[in-house]
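Biologist: I have a protein model open beside its sequence, and I would like to learn how to read it feature by feature. Could you take me through it slowly?

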Amino acid sequence: MSASAFVAAMDKRQLGENGAAELTAKGVGNALVALFFELVRSLSDASLATLTKEALKEASDASAYADLVVLAFQTRATRGKGKGEKALFYKLLALLDEKAILATLHLAFAP
């Protein structure tokens, strides 16, 4: 294994809050999944903006944009259906662009 391959592999891992090894957002390989796992109360506004921007860049169709909106609402959901993070929900919703919001309009009119 070359030195650059070693460095690249190490960039995909970090120590988590409890000291255990975990994948970085880059190491997960999917920006939406990385955003989901980072959506906790202690997430900084800058990190939220960066992760959301990456997820928006990765979204390639209406379904991917809709997944971002659903993730925002799942973050807010209460009564055992989501994370119950009201402040994160509002911040995340404000960061979504109009493509993401428009991708979910058909849900409001579904039978």
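Biologist: To begin with the chain as a whole, what percentage of its 111 residues count as buried?

Modeller: A residue is called buried when its relative accessible area is under 20%, and in this chain of 111 residues 26% count as buried. Please keep in mind throughout that this is a predicted model. The accessible surface of the chain comes to about 7,500 Å², and 59% of that surface belongs to carbon and sulfur atoms.

Biologist: As the model is predicted, where in the chain is confidence lowest, and where is it highest?

Modeller: Confidence is given for each residue on a scale from 0 to 100, and the mean for this chain is 79, with 69% of the residues reaching 70 or more. The lowest mean, 54, belongs to helix α1, which covers residues 3-10, while the highest, 92, belongs to α4.

Biologist: How many helices and strands does the chain have, and what pattern do they follow along the sequence?

Modeller: The chain has 8 helices and 2 strands, and when you read along the sequence they follow the pattern α-β-β-α-α-α-α-α-α-α. It also helps to ask how far apart in sequence the contacting residues are: of the contacts with a separation of 6 or more, 48% are between residues 24 or more positions apart. A related case is A62, which is found in helix α5 and is partly exposed, with a relative accessible area of 48%. A62 and A100 are 38 residues apart in sequence, yet their C-alpha atoms are 7.4 Å apart in space.

Biologist: Let us look at a single helix, then. Which residues of helix α6 are buried?

Modeller: Helix α6 runs over residues 86-95, and its buried residues are L88, F89 and L92. Seen down the axis of α6, these buried residues fall within an arc of 100°, so they line one face of the helix. The other side of α6 carries Y90 and A94, which are exposed.

Biologist: Why can residues that are not neighbours in sequence point the same way in a helix?

Modeller: The general idea is that an α-helix has 3.6 residues a turn, so residues three or four places apart point the same way. In this structure, the buried residues of α6 pack against three other helices, namely α3 (31-38), α4 (45-58) and α5 (62-76).

Biologist: Now for the charged side chains. How many salt bridges does the structure hold, and how should I read one?

Modeller: The structure holds 3 salt bridges, and it is useful to ask of each one where its two partners lie. In one of them the side chains of R41 and E85 meet, with an N to O distance of 3.2 Å. This pair links distant parts of the chain, for R41 is in the loop between α3 and α4, E85 is in the loop between α5 and α6, and the two are 44 residues apart.

Biologist: Are R41 and E85 buried or exposed?

Modeller: R41 counts as exposed because its relative accessibility is 65%, whereas E85 counts as buried because its relative accessibility is 11%. Leaving aside residues up to four places away in sequence, E85 touches R41, T75 and R76.

Biologist: Where do the partners of the other salt bridges lie?

Modeller: The side chains of D45 and K91 meet in a salt bridge at 2.9 Å, N to O. D45 lies in helix α4 and K91 in helix α6, so this pair ties together parts that are 46 residues apart in sequence. Both partners are partly exposed, D45 with a relative accessible area of 47% and K91 with one of 35%. E54 forms a salt bridge with K57, the closest N and O atoms being 3.3 Å apart, and here both residues lie in helix α4, 3 residues apart, which is about one turn of the helix. E54 is partly exposed at 36%, while K57 is exposed at 58%.

Biologist: Finally, which residues make the nonpolar surface patch?

Modeller: The patch is made by V33, F36 and F37 and covers about 270 Å². V33 is found in helix α3, and its relative accessibility of 34% means that V33 counts as partly exposed.

Terms used:
Residues are numbered from 1 along each chain as its sequence is written. This is a predicted model: local features need pLDDT of at least 70, side-chain atom pairs count only at pLDDT 80 or more; totals for chains, interfaces and linings use all residues. Side-chain values use heavy atoms; hydrogens and water are left out. Buried means under 20% relative accessible area, exposed over 50%, partly exposed in between (1.4 Å probe, protein chains only). Helices (H or I, at least four residues) and strands (E, at least two) are DSSP runs, numbered from the N terminus. The arc is that of the directions from the helix axis to the C-beta atoms. Contact means heavy atoms within 4.5 Å. Patches are made of residues with over 30% relative accessible area and no salt bridge: like charges are joined within 9 Å, nonpolar side chains (Val, Leu, Ile, Met, Phe, Trp, Tyr) within 5 Å. Accessible areas come from the Shrake-Rupley method with a 1.4 Å probe; for residues, only the protein chains shown count as cover. A salt bridge is a side-chain nitrogen of Lys or Arg within 4 Å of a carboxyl oxygen of Asp or Glu. pLDDT is the predictor's confidence in each residue, from 0 to 100.
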